[in-house]
Amino acid sequence: MKQTKLGCWVFEADENYNHILEQFDKDTVVGFDVETKPLNPKAKVPNQATDHLVGIGFSVYKDEPDDIDAAPLATFYGLVTDAYIAALSWFLVNRGWYAHNAMFDATVAQRYGLRLGPHRGDPRIIAYILGEPEAAAKPLFQQYLGIE
């Protein structure tokens, strides 16, 4: 495993994922994101039914729902392998998770056999409820949370 300049841990293909993930208590929640590659290279919009899953990133947080400034305990990224999917399924199935545009992430993940625990929230849905015309994460976080 190696660490990037921004502090994200990148898994190597032969990691002992379970050993690493076991360090986090059951009372943690996860910010979750899938990275996909379109089946059609000219596609302008991601397609949850056909895009290929190439990577999964996630951040682990202490479960303190009122703390909007919570920093992650750790952030990980890994390229998709059968072993990575199996370890993440074991890790995520009993944890709450958040994602921006969660339906896309959950649909792609489940197509690849990744089991997810209970969904806890989606900033994109919150934007819709607030009547925001722009649902991208970056402008929403800047406007409402002052976070870049």
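Asparagine 101 sits in the loop between strand 6 and helix 3, so that's where we'll start in this predicted model. From there, the tour takes in the sheet, the helices, the nonpolar core and the aromatic rings.

**Around asparagine 101 and helix 3**

- The phi of asparagine 101 is near 65°, which is a positive value in a residue that isn't glycine.
- Is asparagine 101 buried, partly exposed or exposed? Its relative accessibility comes out at 28%, and because the buried class stops under 20%, asparagine 101 counts as partly exposed.
- Helix 3 itself has a good list of buried residues: Ala102, Phe104, Asp105, Ala106, Val108 and Ala109.
- The cover over those buried residues of helix 3 includes strand 3, strand 4, strand 6 (97–98) and strand 7 (119–121).
- After helix 3 comes glycine 113, and its phi is positive too, near 85°.

**The sheet**

- You're looking at an open sheet of 7 strands with mixed pairing, and the order is 1-2-5-4-3-6-7.
- Strand 1 (2–3) and strand 7 take the edges with a single partner strand each, so each has one side left without a neighbour in the sheet.
- Strand 3 and strand 4 run antiparallel and are joined by 10 bridges. Across that pairing, phenylalanine 32 stands opposite phenylalanine 58 in strand 4.
- Strand 3 also pairs with strand 6, this time in the parallel sense, over 2 bridges.
- Which residues of strand 6 stand opposite valine 30 and glycine 31? For valine 30 it's tryptophan 97, and for glycine 31 it's tyrosine 98.

**Helix 2 and the nonpolar core**

- Helix 2 lies across strand 3, strand 4 and strand 5, and runs at about 35° to strand 4.
- The largest nonpolar core has 29 residues, and Phe32, Phe58 and Leu114 are the ones that touch the most other members.
- At least two residues of this core come from each of helix 1, strand 3 (28–37), strand 4 (52–62), strand 5, helix 2 (82–92) and helix 3 (102–111).
- Helix 2 gives the largest share of the core, at 6 residues.
- What does leucine 114 touch once you set aside its neighbours within four places in sequence? Its contacts are Phe32, Ile56, Ile85, Leu88, Ser89, Leu92 and Ala109.

**Aromatic rings**

- A search of the whole structure turns up 10 aromatic pairs.
- One of them is stacked: phenylalanine 11 with phenylalanine 76, at 5.1 Å centre to centre and with 5° between the planes.
- That pair links distant parts of the chain, with its two residues 65 residues apart. Phenylalanine 11 belongs to the loop between strand 2 (9–10) and helix 1 (17–21), while phenylalanine 76 is in strand 5 (residues 74–79).
- Both phenylalanine 11 and phenylalanine 76 are buried.
- The two phenylalanines also belong to one aromatic cluster, made up of Phe11, Tyr17, Phe24, Phe58, Phe76, Tyr84, Trp90 and Phe91.
- Phe58 is worth a second look: it's in that aromatic cluster, it's among the residues that touch the most other members of the largest nonpolar core, and it stands opposite phenylalanine 32.

How values were computed: Residues numbered from 1 in each chain as written. Predicted model: local features only at pLDDT ≥ 70, side-chain atom pairs only at ≥ 80, totals over all residues. Heavy atoms only, no water. Phe/Tyr/Trp six-rings, centres within 6.5 Å; stacked < 30°, edge-to-face > 60°. Helix = DSSP H or I, 4+ residues; strand = E, 2+ residues; numbered from the N terminus. Buried < 20%, exposed > 50% of the residue type's maximum accessible area, 1.4 Å probe, protein only. Core = buried A, V, L, I, M, F, W, Y, C linked by side-chain atoms within 4.5 Å. Contact = heavy atoms within 4.5 Å. Pairing = 2+ DSSP bridges. Axes fitted to C-alpha atoms, helices over the stretch in contact; angles between N-to-C directions.
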